[in-house]
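Work through these exercises with the structure open beside you. Try each task before you read its solution.

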Amino acid sequence: MTQPPLLPPPFPVEEYSSRLAALRTVMAKRHVDLLIVDQFEHMTYLGGYRSTAAMYQALLIPLVGEPGAVIRALDAPLFSEISWLTDCVAFADNENPIKVVAETIIARGYGASVVGVERDSHFLTINRALELESLLPNANIVDFSRIMWEMRQVKSPLELACHEVAAEICDRAAAAGFHAARAGVNEREVFAAMTAEAWRSGADNTLLAVMASGPRSATLHAALGHRTLAHGDILHVEPVPHFRGYTSRMMRPKSIGAPTNEQIGIAETLIQIQDEQFHAMKPGADAKEVDRIVREDILAAGLRDSYTNITGYTLGLAFPPRTSDFTRVFLADSDWQLEQNQVFHMYTSAGGMAFSETIVVTPEGGKRLTKMERRLFY
């Protein structure tokens, strides 16, 4: 695979304007005059810009008027280059960014207004929140948690296009890794092959894959080791590339040498059960019923003694420190319904092997965005 995937156009201003209008509808219902947005995913979703975590930065979104940003001066040129917004207050490294945010809010006439904050943000720490409240003594600070995570559930056509590119990168990276994987090869060489292919194909993140082999193949979140692959190993790969911040994911196993009949049988059963789950992923379906297909059938088949982990979770914009989005998860007691154009990472595992896909909800059922053949490779 030498040619990179075809890339969709950048998000137009109209897409951001639509997102902003939807957000302001919620703000109005909650009587929020100004919203402080500091979670990376939401800054990117609304402003087209993701800051670095070295210092606190935020978007300030009024109910009426142009949103603004409070940005580290070192990052201001990047903001001007990639954001559709033009209003930017830059602070120097010797300034207190929380104080600059508070002063900007007061200067713009919102010092005694209803100010919403993301109390579930990774960046509005307890200390920062307390300091902000002390600097805005006349403001009514209210919680705006979870709302933007919920707003981002249903993907637009251009968002789906980004997921499709990331999914193609998954396919390419896994194929490159499997091509390199053979007895006598260090697993880091396999990882390097996957990473190189992902970067060539357009991935924009650095943590591009999860991989484990041999006795650790069933550890889905294993740290990269130093093993040399040997006959009889199961190699587990999970490419997790991002394209423009949107992530797709996929898990596949490869047997180093011919697999046993038992391993082939387990893989085929996992795939068959999971395919039934995908077929049920239609708009309006109950999440717990979609989950039940995999959870109960795999237990009934005797492939696992217990099944306590989730069988899928939300995909979309994702930035460190949050590597996965659990706004929606599939569990036995999940109490929500699927919507068209939601995107999920659906996965299952047994017998030291795991299979997963990036799935978009459609009226015909779950559609795979990752296209790699579903089988135990060898």
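**Exercise 1. Find how strand 3 and strand 4 are joined, and the hand of the crossover between them.**

Step 1. Strand 3 (residues 68-72) and strand 4 (residues 87-91) run parallel, joined by five bridges. Strands are DSSP runs of E with at least two residues, helices are runs of H or I with at least four, and both are numbered from the N terminus. Two strands pair if DSSP finds at least two bridges between them.

Step 2. Pick out one position: Ala 69 lies opposite Cys 88 of strand 4.

Step 3. Follow the chain. It leaves strand 3, passes through helix 3 (residues 76-82) and reaches strand 4; this β-α-β crossover is right-handed. The term applies if, with the strands pointing away from the viewer, the path from the first strand over the helix to the second runs clockwise.

Before going on, note the ground rules. The model is predicted: local features need pLDDT of at least 70, side-chain atom pairs count only at pLDDT 80 or more, and totals for chains, interfaces and linings use all residues. Residues are numbered from 1 along each chain as its sequence is written, and side-chain values use heavy atoms, with hydrogens and water left out.

**Exercise 2. Check the span of helix 1, then list its buried residues and what covers them.**

Step 1. Helix 1 covers residues 13-29, which is 17 residues. The expected span is 1.5 Å times one less than the number of residues. That gives 24 Å, and the end C-alpha atoms are 25 Å apart, so the two agree.

Step 2. The buried residues are Glu 15, Tyr 16, Arg 19, Leu 20, Leu 23, Arg 24 and Met 27. Buried means under 20% relative accessible area, exposed over 50%, partly exposed in between (1.4 Å probe, protein chains only).

Step 3. Look at the spacing rule. An α-helix has 3.6 residues a turn, so residues three or four places apart point the same way.

Step 4. Find the cover. It includes strand 1 (34-37), helix 2 (40-47), helix 7 (157-180) and strand 10 (246-247), through contacts (heavy atoms within 4.5 Å).

Step 5. Move past the helix end. His 31 follows, with a positive phi near 60°. His 31 sits in the loop between helix 1 and strand 1, and is exposed at 61% relative accessible area.

**Exercise 3. Describe the ring pair of Tyr 16 and Trp 84.**

Step 1. Rings of Phe, Tyr and Trp (its six-membered ring) pair if their centres lie within 6.5 Å; planes under 30 degrees apart count as stacked, over 60 as edge-to-face and the rest as tilted. The structure holds 11 aromatic pairs.

Step 2. For Tyr 16 and Trp 84, the centres are 5.9 Å apart and the planes lie at 10°, so the pair is stacked.

Step 3. Place the partners. Tyr 16 is in helix 1 and Trp 84 is in the loop between helix 3 and strand 4, 68 residues apart. Tyr 16 is buried at 10%, while Trp 84 is partly exposed at 24%.

Step 4. Widen the view. Ring pairs link Phe 11, Tyr 16, Trp 84 and Tyr 246 into a cluster.

**Exercise 4. Explain why Cys 162 and Cys 170 form no bond.**

Step 1. A disulfide is a pair of cysteine sulfur atoms within 2.5 Å. The whole structure has zero disulfides.

Step 2. The cysteine sulfur closest to that of Cys 162 belongs to Cys 170, 14 Å away, which is too far for a bond.

Step 3. Both are buried: Cys 162 at 1% relative accessibility, Cys 170 at 0%.
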